[in-house]
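Work through the following exercises with the sequence and the model at hand. Each task is followed by a solution that proceeds step by step.

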Amino acid sequence: MTDAASLADRVREGELRLHELEAHADADVAAEARRLLVEEQSGASLDTVGNYGFPAEEAETAIENMVGTIQVPLGVAGPVTVNGAAVSEEKYLPLATTEGALLASVNRGCSVINSAGGATARVLKSGMTRAPVFRVADVAEAEALVSWTRDNFEALKEAAEETTNHGELLDVTPYVVGNSVYLRFRYDSKDAMGMNMVTIATEAACDVVESETTGSLVALSGNLCTDKKPAAINAVEGRGRSVTADVRIPRDVVEERLHTTPEAIAELNTRKNLVGSAKAASLGFNAHVANVVAAMFLATGQDEAQVVEGANAITTAEVQDGDLYVSVSLASLEVGTIGGGTKLPTQAEGLDILGIRGGGDPAGSNADALAECIAVGSLAGELSLLSALASRHLSSAHAKLGR
Ligand SMILES: CC(C)(COP(=O)([O-])OP(=O)([O-])OC[C@H]1O[C@@H](n2cnc3c(N)ncnc32)[C@H](O)[C@@H]1OP(=O)([O-])[O-])[C@@H](O)C(=O)NCCC(=O)NCCSC(=O)C[C@@](C)(O)CC(=O)[O-]
Ligand SMILES: NC(=O)C1=CN([C@@H]2O[C@H](COP(=O)(O)OP(=O)(O)OC[C@H]3O[C@@H](n4cnc5c(N)ncnc54)[C@H](OP(=O)(O)O)[C@@H]3O)[C@@H](O)[C@H]2O)C=CC1
């Protein structure tokens, strides 16, 4: 059996490339050989990076050139009662972060939500998108391509769905800019976040478009999808799951547990999350939804770059008969409980904490449940941070817990 030192020698001698080692040794030995090479070149010690708790082979579809793992601390907030359509019970929420005070904050929000009987959550729209761009000669050809697409949805659906057992093409929305035509394909990807699934399916549909129209495919992704970039189209039309959570907190709970009043939180939310965000031309009309989305994404194996869209959220707060009503609406939360990073052993355990690893019954219900849990976690975070700002506890909390 090849050992790490001799594999590293073969790379030094130019006999093997750094990414070819798994063909000559098991994945753990390959990672060890790369660590030797990187340590030698950089002077870094990778002892901790190399001390991971699952076979490297299990990460093979998640990474190339693996040297080890970065360990992010994992905590839980709650349990919190999630009154959703796909999940309706108390859950501990898994969050992985390096920001001290975040777990404490979400935990406080969860306990306050529980005092109000839990939070309601619903997925209101669902669909993963991919928008290829086609070149045409002129606007007349663009119109012809758009008309053909509108008249031949069934042909596109048939071609796309031949590539997947679970994915369903829901609609195709055309956009034209001069001699470029963008077709925004939207799929029900069930329990998968769906980017691989819908990219493969859309390629098959594009073959049909190219054979039946004058359009020439320039790129399978034309950026109107929009994946991993801030984009108003996602905030308005949604992408992945559009999910909303709300809660009404009794005044005495706000005063005793959050050290402020419903009026102060409502005013702060308007001046900060609505007016302040408008003045900044922000897409995020919220305080720190990205914190909870990122931490729960890391804990459950989601694609961390999609925190960009996950943080497309609006928080509202109002006083209702003296109590505090708060809601958070996440327009484009791209989540899955199967595929991608959800297969990694630690991330799969993160999903197990929520009881939603793998495919749901019916298909799609586990990913809906994850979206509802993340929405309730985000609501808890919003409630706690807004309260800390209203009671002027933000900097002292971070001084105490985060430094
Ligand atoms: C820190 C607190 C919660 C203290 O809040 P407190 O009310 O003074 O704390 P407490 O000791 O009375 O405890 C209240 C509850 O908080 C929780 N709690 C309290 N301590 C812990 C702990 N160690 N570990 C776990 N949970 C904790 C726990 O639920 C506890 O209840 P209990 O269980 O004891 O009955 C509060 O001041 C707070 O939430 N501050 C806000 C901190 C925050 O949200 N930070 C993250 C966001 S900051 C940022 O990244 C974005 C920003 C700010 O730039 C965005 C923007 O522009 O707005
Ligand atoms: N390709 C790209 O452009 C991009 C890829 N990514 C990456 O894509 C990955 C996520 O893609 P994704 O397609 O979600 O995952 P996978 O590529 O891992 O595919 C998941 C597959 O699981 C199968 N499956 C089994 N049970 C179910 C079920 N209940 N619901 C849904 N699918 C089920 C489906 O197979 P079947 O289709 O046969 O039904 C599905 O295609 C991540 O690693 C992400 O980082 C991210 C951004 C862009």
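**Exercise 1.** Determine where Pro-79 is found and what kind of peptide bond joins Gly-78 and Pro-79.

Solution. Begin with the secondary structure, in which helices (H or I, at least four residues) and strands (E, at least two) are DSSP runs numbered from the N terminus. Pro-79 is found in strand β1, which covers residues 74-83. Next, read omega for the bond between Gly-78 and Pro-79, which is about 5°, a cis peptide bond. This is a predicted model in which local features need pLDDT of at least 70 and side-chain atom pairs count only at pLDDT 80 or more, while totals for chains, interfaces and linings use all residues. Residues are numbered from 1 along each chain as its sequence is written, chains are lettered from A and ligands numbered from 1 in the order in which they are written, and side-chain values use heavy atoms, with hydrogens and water left out.

**Exercise 2.** Describe the backbone of the loop between β7 and α7 at Asn-223 and at Thr-226, and then examine the phi of His-259.

Solution. Recall that most residues other than glycine have a negative phi, and that most peptide bonds are trans. Asn-223, located in the loop between β7 and α7, has a positive phi of about 75° although it is not a glycine. With a relative accessibility of 43%, Asn-223 counts as partly exposed, where buried means under 20% relative accessible area, exposed over 50% and partly exposed in between (1.4 Å probe, protein chains only). Thr-226 is found in that loop between β7 and α7 as well, and a cis peptide bond with omega of about -15° joins Cys-225 to Thr-226. Turning to His-259, its phi is positive at about 60°, although this residue is not a glycine. His-259 lies in the loop between α8 (251-258) and α9 (262-279) and is partly exposed, with a relative accessible area of 45%.

**Exercise 3.** Which parts of the chain do the salt bridges of Asp-9 with Arg-12, Glu-168 with Lys-190 and Lys-228 with Asp-303 connect?

Solution. Side chains of opposite charge can pair when their charged atoms come close. A search of the whole structure finds 22 salt bridges, each being a side-chain nitrogen of Lys or Arg within 4 Å of a carboxyl oxygen of Asp or Glu.

- Asp-9 and Arg-12 meet in a salt bridge with an N to O distance of 2.6 Å. The two residues are three apart in helix α1 (residues 4-12), and so are separated by about one helical turn. Asp-9 is partly exposed at 35%, and Arg-12 is partly exposed at 41%.
- Between Glu-168 and Lys-190 the closest N and O atoms are 3.1 Å apart. This pair links distant parts of the chain, 22 residues apart, with Glu-168 in strand β5 (residues 168-177) and Lys-190 in the loop between β6 (180-188) and α6 (195-212). Glu-168 is partly exposed at 32%, whereas Lys-190 is buried at 15%.
- Lys-228 and Asp-303 form a salt bridge whose closest N and O atoms are 2.7 Å apart. Lys-228 lies in the loop between β7 (216-219) and α7 (232-237) and Asp-303 in the loop between α10 (289-300) and α11 (307-310), so the pair ties together parts that are 75 residues apart in sequence.

**Exercise 4.** Which residues come nearest to ligand 2, and how much of the ligand does the protein bury?

Solution. Count a residue as near if one of its heavy atoms lies within 4 Å of the ligand. Of the 21 residues around ligand 2, Thr-164, His-166, Gly-194, Asn-196 and Asp-303 come nearest. The largest share of the shell, four residues, comes from α6. Then inspect the polar contacts of the ligand, which are pairs of N or O atoms within 3.5 Å. A polar side-chain atom of His-166 lies 2.6 Å from an oxygen atom of ligand 2, and a polar backbone atom of Gly-194 is 2.6 Å from an oxygen atom of the ligand. Finally, ligand 2 taken alone exposes 920 Å², of which the protein buries 73%, the areas coming from the Shrake-Rupley method with a 1.4 Å probe.

How values were computed. A polar contact is a pair of N or O atoms within 3.5 Å; within protein, one must be able to donate a hydrogen and the other to accept it, and residues adjacent in sequence count only if both atoms are side-chain atoms.
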